[in-house]
Amino acid sequence: MQIYRLLDERKMPNNFAPIMFDTSLFLKRRKTALARAHKEGKNPWFLHEFACEGTIEILQTIKQDFECGAELFAGNGQFQQIANQAGVLGASRKLAKLEEIEPSLSENKNPNCLSELLLPEIGQDKYDLIIANSGLNWVNDLPGLLLQIRKSLRPEGNFIATFLGGSTLKELRQCFLDVEAEYYGGASPRISPMINCETGVRLLVRAGFHSPVSSSEILKVRYGNVFELFRDIKAMGEAAAFANKNIKPLSRHLIAKVADYYQARYCDGDNRVYASFELITISGWASKSGVVFES
């Protein structure tokens, strides 16, 4: 049985979140990826758009209509486009108004400021719906951001988020682990740690959301070889951006060995390899009581 302790927000201690990700590097790569996708007309954002479509389905099942919503990590406006096509966005629709928020380093150069970049944008008691279709897996202080999101929602406002889960790139992660263990006697982190459904729900409850739900879906994406997978990850702006700069550099020999392992282990009958992407969706309603639950 999970027991939760009720806390008053004003008595909560300051949250000193560990710095795992280099926010400035992530945002720089994300900005480049978005600009390249817009300029070249190529679309590496299939995961983001899959998440957008899932969010639309959730909204269509909710009886409540929303007056003013915000989308964090709005990208190139894919959600707005899909929402318009689905007929859920606009006056007298499911969502009357949508504000898009895409974090940028233009004003704040702090290398680990992703939460701080988002917080001034979302305000307090400002929205009755907040959506995030990507990006949350790069936030260092995710509990703190979720708490601020809850404060930014009006009473009984809804929060829906989709992000990459723990089974994402499990094949590539295992190949790196095995190759580095063989060559170095140990492995450096190469793929970001990601949370699961249960942890996502616990974080929502801790931040003061009620009626939390979560779901998970794993997509199997096929590639001609592992290098095509690498190119897709880079094109999405999702390449690893760790704050720890002491990670051993990747040599061509090690990458070639990883590619050999991947081809041998995760190859279909037609000689194409596959990669797993887990998309976790969590949602909850803003509590009226102004209290936080801590596990």
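The lining of the largest pocket holds 21 nonpolar, 5 polar and 7 charged residues. This is a predicted model. The pocket encloses about 750 Å³ of space. Lining it are 33 residues, and the closest to its centre are Arg29, Arg190, Ala239, Ala240 and Ala241. Three helices each supply at least two lining residues: α1 (23-40), α6 (170-184) and α8 (226-236). The largest share comes from α1, with 6 residues.

Follow α1 back to the loop that precedes it. Asp22 sits in this loop, between β1 (5-8) and α1. Is Asp22 buried or exposed? Its relative accessible area is 12%, under the 20% cut-off, so Asp22 counts as buried. The side chain of Asp22 has a polar partner: it makes a polar contact with the side chain of Ser24, at 2.8 Å.

Next, the nonpolar interior. In soluble globular proteins, nonpolar side chains tend to be buried together. The largest nonpolar core here has 36 residues. Which of them touch the most other members? They are Leu72, Phe73, Tyr127, Leu136, Ile149, Leu153 and Phe159. Both helices and strands feed this core. The helices that give two or more residues are α1, α4 (114-122), α5 and α7 (197-206). The strands that do so are β2 (66-72), β4 (127-132), β5 (153-164) and β7 (273-286). A second, separate core has 26 residues, including Phe176, Leu254, Tyr262 and Ala275.

Phe73 deserves a look of its own. Leaving aside residues up to four places away in sequence, Phe73 touches Phe26, Arg30, His48, Ile101, Glu102, Pro103, Leu114, Leu118, Ser134, Gly135, Leu136 and Val139. Among these partners is Leu136, which is also listed with Phe73 among the core residues that touch the most other members.

Turn now to α5, residues 142-152. This helix is mostly covered, with 8 of its 11 residues buried. Which ones are buried? They are Leu142, Leu145, Leu146, Leu147, Gln148, Ile149, Arg150 and Ser152. The list includes Gln148, Arg150 and Ser152 alongside the leucines and Ile149. An α-helix has 3.6 residues a turn, so residues three or four places apart point the same way. Within α5, Leu142, Leu145 and Ile149 are among the buried residues. At the start of the helix, a side-chain oxygen of Asp141 comes to within 3.0 Å of the backbone nitrogen of Gly144.

Two cavities of 30 Å³ or more are counted in the model. The largest holds about 140 Å³ of space. Of its 15 lining residues, Leu47, His48, Ser134, Leu164 and Glu238 are the closest to its centre. Two of these, His48 and Ser134, are contacts of Phe73 as well. Both α2 (46-61) and β5 supply at least two residues of this lining. By class, the lining divides into 8 nonpolar, 6 polar and 1 charged.

The second largest cavity has a volume of about 30 Å³. Around it lie Leu136, Leu142, Leu146, Phe163, Ile195, Gly200, Leu203 and Ile282. Here α5 returns: α5 and α7 each supply at least two residues of the lining. Leu142 and Leu146, both buried in α5, are part of that lining. Leu136 is another familiar name, as a member of the largest nonpolar core. This lining has 7 nonpolar residues, 1 polar residue and no charged residues.

Notes: Residues numbered from 1 in each chain as written. Predicted model: local features only at pLDDT ≥ 70, side-chain atom pairs only at ≥ 80, totals over all residues. Heavy atoms only, no water. 1 Å grid on protein atoms, 1.4 Å probe; cavity = no way out; pocket = protein on both sides within 12 Å on 5 of 7 lines; lining within 4 Å. Points joined across faces, edges and corners; volume = space filled by probe spheres on them. Helix = DSSP H or I, 4+ residues; strand = E, 2+ residues; numbered from the N terminus. Nonpolar A, V, L, I, M, F, W, Y, C, P; charged D, E, K, R; others polar. Buried < 20%, exposed > 50% of the residue type's maximum accessible area, 1.4 Å probe, protein only. Polar contact = N/O pair within 3.5 Å; in protein donor to acceptor, adjacent residues only side chain to side chain. Core = buried A, V, L, I, M, F, W, Y, C linked by side-chain atoms within 4.5 Å. Contact = heavy atoms within 4.5 Å.
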